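Welcome! Let us take a short walk through this structure, beginning with a helix and ending with a pocket.

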Amino acid sequence: MSHGHDHPHGDTAEFDPDDRSHFTQEFWDDRYRSAERLWSGQPNPQLVAQVAELPPGDALDAGCGEGADAIWLASRGWTATAVDVSAVALDRAAAHAAAEGVRVNWQREDLLYWDPGPGRFDLVMAHFMHLPNPELQSLHDRLAAAVRPGGSLLIVAHHPDDMRVNVGRTGHVVLFPSAEQLAATLDPASWEIIVAAAVDRPAIDLDGQPVTVRDTVLRAARRR
């Protein structure tokens with residue numbers, strides 16, 4: 001599983017959630033091999049908006065794809081660990097990081113099962129990781145557990161409204177959680193919800209026309 005930016009890859013909302021082949025290394029390696037670059041190479045705008053003012057620390061990017069978000073973090077002083085199922089994506093990301101002169105710890109892991117371990121990171125993020133439940137909840141539970149006290153969890157997803165925009169959001173609307181649904185899975189005794197919102201951003205549709213899409217954004221801070 002991986003994530004993307006302008007045209008979400010890792011966006012299993014584009015696919016049949018009952019087809020387990022869409023969650024394999026082979027599937028994602030083949031998809032990355034289909035183009036020299038799948039994504040823009042720019043950091044996710046919601047990452048920039050939510051994290052730019054946070055003090056650098058240890059960060060985990062779960063489903064890093066071609067690595068733009070992790071590279072952006074590393075360039076700003078974060079110690080970044082970036083995980084993806086695709087070896088092709090990770091090789092591409094490592095080359096990009098080397099060209100930018102930054103260091104990132106790249107790891108190939110299957111996020112359906114991988115556990116980063118408790119309390120290891122000051123920032124844990126996952127962007128556009130659209131999975132069916134219970135797999136999505138399991139992933140978010142493991143990612144939340146990896147946040148240190150005082151650290152942040154950032155989840156960004158596509159909003160259900162995007163199904164009505166010509167940007168390729170096809171599939172099952174149940175794979176598009178709302179910010180309120182995401183926030184409700186966190187224990188309020190352990191978490192402070194900083195942002196839980198649908199955030200508009202400009203995009204280009206499949207016909208090359210400017211449109212507005214919406215991102216579901218959850219940022220939460222683990223209580224000390």
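Contact here means heavy atoms within 4.5 Å. Helices are DSSP runs (H or I, at least four residues), numbered from the N terminus. This is a predicted model, in which local features need pLDDT of at least 70, side-chain atom pairs count only at pLDDT 80 or more, and totals for chains, interfaces and linings use all residues. Residues are numbered from 1 along each chain as its sequence is written, and side-chain values use heavy atoms, with hydrogens and water left out.

Let us start with confidence. The chain has a mean pLDDT (the predictor's confidence in each residue, from 0 to 100) of 87, and 86% of its residues reach 70 or more. Over residues 1–14, however, the pLDDT is below 50, although this stretch has 89 contacts in the model beyond near neighbours in sequence. Where pLDDT is low, the predicted coordinates should not be read in detail.

Now look at helix α1, residues 25–33. The table sorts some of its residues by relative accessible area (1.4 Å probe, protein chains only).

| Class in α1 | Residues |
|---|---|
| Buried (under 20%) | W28, D29, Y32 |
| Exposed (over 50%) | E26, R33 |

Why do the buried residues lie on the same side of α1? They cover an arc of only 100° around the axis (taken from the directions from the helix axis to the C-beta atoms), which puts them on the same side. Their cover includes α4 (87–100). E26 and R33 are on the other side of α1.

Finally, α5 (135–145) and α6 (179–184) each supply at least two residues of the lining of the largest pocket. A pocket is an open set of points on a 1 Å grid over the protein atoms alone, where a 1.4 Å probe fits, with protein on both sides within 12 Å along at least five of seven lines; lining residues have an atom within 4 Å of a point.
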